Amino acid sequence: EFIKATRKEFVKHLPQIAADQWQPIYKAVQECFGTYEERAIERISGDIAARRLELSSLVEKKQQNEINREQTVERLKALEDSIQKELTTLQGMV
């Protein structure tokens, strides 16, 4: 009987308790999610910055390798021309 009576009283007072307490609870939940959102945004922004830095580094290395490749190709062409001239000179001597 005690439990039944307690339930009846609780049911009577529950709407008033809910009306009185909804704003502080709502505000607390908003603050928690606001903090979570800020931390998530910070982590995502940090990841993006790290990826950009990594991508910039890779692009720079690629460009450097292309420059080195072009220089190597030019050097090999010059060497080929030199060898061809030497071969022509040697063939002219024979």
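This report describes the fold, the surface and the charged side chains of one protein chain.

**Overall form**

The structure is a predicted model. Its chain holds one helix and zero strands. The radius of gyration is 39 Å, well over the 12 Å that the globule rule gives for 94 residues, so the chain is more spread out than a compact globule. The C-alpha trace agrees with this picture, spanning about 125 × 25 × 10 Å along the principal axes of the chain. Helix H1 covers residues 2–93.

**Surface**

Of the 94 residues of the chain, 0% count as buried. The accessible surface amounts to about 9400 Å², and carbon and sulfur atoms account for 60% of that area.

A nonpolar patch on the surface is formed by Ile25, Val29, Phe33 and Tyr36, which together have about 450 Å² of accessible area. Within this patch, Phe33 has its place in helix H1. Phe33 counts as exposed because its relative accessible area, 55%, lies over the cut-off of 50%.

**Charges and salt bridges**

The chain carries 15 positive and 16 negative charges, and the mean positions of these two sets are 8 Å apart. Side chains of opposite charge can pair when their charged atoms come close. In this model the count comes to two salt bridges.

One salt bridge joins Lys12 to Glu9, with 3.2 Å between the closest N and O atoms. Both residues belong to helix H1, where they lie three residues apart, about one turn of the helix. The other pair consists of Glu66 and Lys62, whose side chains meet at 2.7 Å, N to O. Glu66 and Lys62 are four residues apart in helix H1, so about one helical turn separates them.

The accessibility of the four paired residues is set out below.

| Residue | Relative accessible area | Class |
|---|---|---|
| Lys12 | 58% | exposed |
| Glu9 | 38% | partly exposed |
| Lys62 | 52% | exposed |
| Glu66 | 34% | partly exposed |

In the pair of Lys12 and Glu9, the lysine is exposed, whereas the glutamate is partly exposed. In the pair of Lys62 and Glu66, Lys62 is likewise exposed and Glu66 is partly exposed.

**Summary**

The predicted model shows a chain with one helix and zero strands, in which 0% of the residues count as buried. Along helix H1 lie Phe33, the salt-bridged residues Lys12 and Glu9, and the pair of Glu66 and Lys62.

Notes. Residues are numbered from 1 along each chain as its sequence is written. This is a predicted model: local features need pLDDT of at least 70, side-chain atom pairs count only at pLDDT 80 or more; totals for chains, interfaces and linings use all residues. Side-chain values use heavy atoms; hydrogens and water are left out. Helices (H or I, at least four residues) and strands (E, at least two) are DSSP runs, numbered from the N terminus. The radius of gyration is taken over C-alpha atoms; the globule rule is 2.2 Å times the number of residues to the power 0.38. Buried means under 20% relative accessible area, exposed over 50%, partly exposed in between (1.4 Å probe, protein chains only). Accessible areas come from the Shrake-Rupley method with a 1.4 Å probe; for residues, only the protein chains shown count as cover. Lys and Arg count as positive and Asp and Glu as negative; His and the chain ends are not counted. The place of a charge is taken as NZ of Lys, CZ of Arg, CG of Asp or CD of Glu. Patches are made of residues with over 30% relative accessible area and no salt bridge: like charges are joined within 9 Å, nonpolar side chains (Val, Leu, Ile, Met, Phe, Trp, Tyr) within 5 Å. A salt bridge is a side-chain nitrogen of Lys or Arg within 4 Å of a carboxyl oxygen of Asp or Glu.
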